[in-house]
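The exercises below ask the reader to work through helix packing and enclosed or open space, one step at a time. Each task is followed by its worked solution.

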Amino acid sequence: MLRDFYIFNNGRLKRKDNTIYFIDCLENKRALPIQQINSIHLFGEIDLNSKLINYLSQYGIMLNFYNYYGHYSGTYYPRKKNVSGFTLVNQAAHYNDYEKRLCIAKSFVDSAVHHILKNMRRHKEGIEDLIERIQIERNNIEKAQRIDELMGIEGRIRKSYYKSFSKILKSDFNIQKREKRPPTDPVNAMISFGNSLMYMTVLSEIYKTQLDPTISFLHEPSVKRFSLSLDISEIFKPLVVDTVIFYLVNNRIITFDDFNIDEGICYLNEKGRKKFISEYERKLDTTIKHRKLKRKVSYRTFIKLECYKLIKHFIGDEEYKPLKAWW
């Protein structure tokens, strides 16, 4: 099974035969078998060369880079092999047709809200008024006539949702409001870190399909970002990232010692990142019996299936219906 590899220490990456080795500054060596690699995430200062990059490109392996605070910096994205002009033209056509674009954008938001409410109902004590407020806002999704109006609805829903975190989370973890640039408290730091991981997970799955990651529907296509990854991430952030946060905090796996504050910026330290990533990967590998496929599939596979459902929608095979967790 393919898996993501995370490297935290400074060092260098080298290729020998069919194996990638990470060698840290103390000359400790760790093997990364090429056949088992999905993506590599680099948190430390890593030396590598073009020979290694060319080798990774043969296997379609992405290198994801993170800065000192653990925030996503960028990706080495190998030449895409699974391409289809037919799919690309139809994906772009659905963006250019505003009614079609709006319909897909509404699907992303409604799926996200479904999972938000699912999380809140599991911890509903003391947040019944916030649940009701979100349910009212959800009724406005279908009525929205413009993307910016839809984004406004989504923003108000998330504002109410994040207010519930102070009731859901234990151990004195709370959040006053969502702060992205930069996060100033541990909960915001975890949300930002988890969302970055989800963005990269979705991008990795998009890369394996014929979708173009720059043509999006809810988020405006822009330079310097793969905005379709942002769209699809909306579905899975409450389903994966937020449940990971709830689990880590409420089971006292992650504590305030797992965070650092530097010039007003709060971020997970190396120990905290390792805890978060371990639970995040465990969640992605968790399997659920798929009602239609009649077999168990992982959360990671659900992301891939979402990509294929979009392709079928673009080429006219099957209307897109976003994932709404039934479990």
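**Exercise 1.** In this predicted model, determine at what angle the axes of helix α8 and α9 cross, and which residues make the contact.

*Solution.* Begin with the axes: those of α8 (residues 270-285) and α9 come within 5 Å and cross at roughly 65°. Next, identify the partners, which are Glu281, Lys283 and Leu284 on the side of α8, and Tyr299, Arg300 and Ile303 on the side of α9. Finally, sort these residues by class, which gives three nonpolar, no polar and three charged.

**Exercise 2.** Decide how helix α6 and helix α9 are oriented to each other, and describe their contact.

*Solution.* First take the geometry: α6 (residues 186-207) and α9 (residues 299-314) pack with their axes 9 Å apart, at an angle of about 55°. An angle that is neither under 35 degrees, nor over 145, nor from 65 to 115 counts as oblique, and α6 and α9 are therefore oblique to each other. The handedness comes next, and the crossing of α6 and α9 is right-handed. As for the residues involved, α6 brings Met198, Thr201, Val202, Glu205 and Ile206, which meet Arg300, Ile303, Lys304 and Cys307 of α9. Sorted by class, this contact of α6 with α9 comprises five nonpolar, one polar and three charged residues.

**Exercise 3.** Characterise the largest pocket by its volume and by the residues that line it.

*Solution.* The volume of the largest pocket is about 1,100 Å³. Its lining consists of 34 residues, and those that lie nearest the centre of the pocket are Arg178, Lys180, Arg181, Asn195 and Leu230. To see where the lining comes from, assign it to elements: β8 (72-76), α5 (147-168), α6 and α7 (227-250) each contribute at least two residues, with the largest share, seven residues, supplied by α5. By class, the lining of the largest pocket splits into eleven nonpolar, eleven polar and twelve charged residues.

**Exercise 4.** Find how many cavities of 30 Å³ or more the structure holds, and which residues line the largest cavity.

*Solution.* The count comes first, and the structure holds one cavity of 30 Å³ or more. The largest cavity encloses about 40 Å³ of space. Its lining is made up of Tyr69, Gly70, His71, Ala189, Phe193, Cys266, Tyr267, Leu268 and Arg273. Two or more of these residues come from each of α6 and β10 (265-268), and β10 gives the most, with three residues. The last step is the division by class, in which six residues of this lining are nonpolar, two polar and one charged.

Key
Residues are numbered from 1 along each chain as its sequence is written. This is a predicted model: local features need pLDDT of at least 70, side-chain atom pairs count only at pLDDT 80 or more; totals for chains, interfaces and linings use all residues. Side-chain values use heavy atoms; hydrogens and water are left out. Axes are lines fitted to C-alpha atoms, for helices over the stretch in contact, and angles run from 0 to 180 degrees between N-to-C directions. Helices (H or I, at least four residues) and strands (E, at least two) are DSSP runs, numbered from the N terminus. A crossing is left-handed if the near helix is turned anticlockwise from the far one by less than a right angle, and right-handed if clockwise. Contact means heavy atoms within 4.5 Å. Ala, Val, Leu, Ile, Met, Phe, Trp, Tyr, Cys and Pro count as nonpolar, Asp, Glu, Lys and Arg as charged, and the others, Gly among them, as polar. On a 1 Å grid over the protein atoms alone, a cavity is a set of points where a 1.4 Å probe fits but cannot get out, and a pocket is an open set with protein on both sides within 12 Å along at least five of seven lines; lining residues have an atom within 4 Å of a point. Grid points are joined across faces, edges and corners, and a volume is the space filled by probe spheres set on the points.
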